[in-house]
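Q: Could you take me through one part of this model slowly, staying with a single helix and whatever packs around it? I'd like the packing and the charged side chains in one connected account.

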Amino acid sequence: MALDFLAGCAGGVAGVLVGHPFDTVKVRLQVQSVEKPQYRGTLHCFKSIIKQESVLGLYKGLGSPLMGLTFINALVFGVQGNTLRALGHDSPLNQFLAGAAAGAIQCVICCPMELAKTRLQLQDAGPARTYKGSLDCLVQIYGHEGLRGVNRGMVSTLLRETPSFGVYFLTYDALTRALGCEPGDRLLVPKLLLAGGTSGIMSWLSTYPVDVVKSRLQADGLRGAPRYRGILDCVRQSYRAEGWRVFTRGLASTLLRAFPVNAATFATVTVVLTYARGEEAGPEGEAVPAASAAPAGPALAQPSSL
Ligand SMILES: NC(=[NH2+])NCCC[C@H](N)C(=O)O
């Protein structure tokens with residue numbers, strides 16, 4: 001578990017630094033006004049933020065995911081690995097279930113973290129801004145709305161994360177098996193990057209409409225009176241105002257982000273675990289160098305079971 005934690009931390013930091021700008025663009029597109037849209041699309045949003053707020057504008061709200069994802073990834077890879085071992089054997093169904101369990105549990109951190117991140121990404125810059133930072137945002141929300149306010153969007157976060165993390169780990173397991181990822185393979189890292197990036201894309205595609213609803217619920221009330229009475233009301237109002245396409249808003253930048261972020265995360269976790277463990281216990285328990293150890297087939301496929 002400890003090694004999973006550390007590898008998860010390293011993977012999380014790598015992923016956030018690579019992907020936060022794409023996430024900022026996603027949130028801006030998801031919640032911008034349909035009557036007076038500020039951005040024409042993904043590229044225009046990127047360019048506008050850089051022009052009006054500099055590159056640092058793309059990293060608004062970085063603190064929250066950087067701190068949060070350190071624990072989230074540790075929790076995800078730790079829970080997934082231990083759940084998979086507790087389930088007894090490695091099968092596609094158990095891969096999905098272990099991933100789903102990890103996705104559900106990490107919502108405890110993910111939901112408040114994304115609430116702060118979303119609000120910071122959307123607030124106006126300058127002295128008029130409402131929040132000084134992620135922690136200040138959560139403290140203010142707690143002061144005004146209590147614990148319920150800090151956990152705003154929890155149900156939609158659970159509906160997004162539980163199945164998507166199941167897909168995340170199932171896809172990674174299937175792809176690393178299909179690509180024949182093994183210690184000592186000279187194409188190991190490119191294969192891990194491909195498997196990790198594809199897993200990220202498949203996981204976001206699996207529940208993306210729920211993410212649009214979650215972003216809208218977490219942003220609700222930031223600029224004026226709250227509009228939504230809950231998930232179904234948000235779905236109903238959004239569909240009525242913009243049709244089904246509203247549930248694909250920001251998808252391009254999400255997928256642009258998902259590949260590099262999760263390629264970096266999974267490859268970092270797998271490489272850290274593979275080489276940090278170094279030796280595989282031999283039949284009598286004596287240590288043998290990892291390079292010569294016969295990997296247990298798909299053993300490498302699972303960062304958690306390395
Ligand atoms: N909502 C999801 N797709 N979750 C699975 C992928 C999560 C991953 N940490 C990312 O930020 O891309």
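A: Sure, and let's start with the order of things: from the N terminus on, the chain runs α-α-α-α-α-α-α-α-α-α-β-β. That is 10 helices and 2 strands. Keep in mind that this is a predicted model. Of its 306 residues, 49% count as buried. Among the contacts with a separation of 6 or more, 74% are between residues 24 or more positions apart.

The part to look at is helix α5, residues 107–122. Let's go through its neighbours first and then the charges.

Begin with helix α6, residues 134–150. The axes of α5 and α6 come within 10 Å and cross at roughly 120°. An angle like that makes α5 oblique to α6, and the crossing is right-handed. On the α5 side, the contact is made by P112, L115, A116, R119 and L120. Facing them from α6 are S134, C137, L138, I141, G149 and V150. Sort these contact residues by class and you get 8 nonpolar, 2 polar and 1 charged.

Now turn to helix α7, residues 154–179. Here the angle with α5 is about 120° and the axes are 10 Å apart, so α5 and α7 are oblique to each other. α5 passes α7 in a right-handed crossing. The α5 residues in this contact are C107, V108, C110, C111 and E114, and they meet M154, T157, L158, R160 and E161 of α7. By class, the contact of α5 with α7 has 6 nonpolar, 1 polar and 3 charged residues.

T157 is a good place to zoom in on α7. With 1% relative accessibility, T157 counts as buried, since the cut-off is under 20%. If you skip the neighbours within four places in sequence, T157 is in contact with C107, C110 and C111, and also with K214 and Q218. C107, C110 and C111 are among the α5 residues that make the contact with α7.

Back on α5, have a look at K117. This lysine is at 4% relative accessibility and therefore counts as buried. Leaving out residues up to four places away in sequence, K117 touches H20, D23, V27, G61, S64 and P65.

One of those, D23, leads us to helix α1, residues 2–31. The side chains of D23 and K26 meet in a salt bridge, 3.6 Å from N to O. D23 and K26 are 3 residues apart in α1, so about one helical turn separates them. What about their exposure? D23 is buried, with a relative accessible area of 8%, and K26 is buried as well, at 4%.

There's another charged pair on the α7 side of α5. R160 and E161, both in the contact with α5, form a salt bridge in which the closest N and O atoms are 2.9 Å apart. R160 counts as buried at 1% relative accessibility, and E161 counts as buried at 6%.

For a contrast in exposure, try R229 and D233. Their side chains meet in a salt bridge too, at 3.4 Å from N to O. R229 is exposed, with a relative accessible area of 72%, whereas D233 is buried at 7%.

So how do the charged residues around α5 link up? Salt bridges that share partners join D23, K26, E114, K117, R160, E161, D211 and K214 into one network. You've met several of these already: K117 lies in α5, E114 is among the α5 residues in the contact with α7, and R160 and E161 are on the α7 side of that contact. D23 and K26 belong to α1. K214, too, has come up, as one of the residues that T157 is in contact with. For the wider tally, a search of the whole structure finds 18 salt bridges.

To put the view back together: α5 is oblique to α6 and also oblique to α7. Its contact with α6 has 8 nonpolar residues and 1 charged, while its contact with α7 has 6 nonpolar and 3 charged. And E114 and K117 sit in the salt-bridge network along with D23, K26, R160 and E161, among others.

Conventions:
Residues numbered from 1 in each chain as written. Predicted model: local features only at pLDDT ≥ 70, side-chain atom pairs only at ≥ 80, totals over all residues. Heavy atoms only, no water. Helix = DSSP H or I, 4+ residues; strand = E, 2+ residues; numbered from the N terminus. Buried < 20%, exposed > 50% of the residue type's maximum accessible area, 1.4 Å probe, protein only. Contact = heavy atoms within 4.5 Å. Axes fitted to C-alpha atoms, helices over the stretch in contact; angles between N-to-C directions. Parallel < 35°, antiparallel > 145°, perpendicular 65-115°, else oblique. Left-handed = near helix turned anticlockwise from the far one by under 90°. Nonpolar A, V, L, I, M, F, W, Y, C, P; charged D, E, K, R; others polar. Salt bridge = Lys/Arg side-chain N within 4 Å of Asp/Glu carboxyl O.
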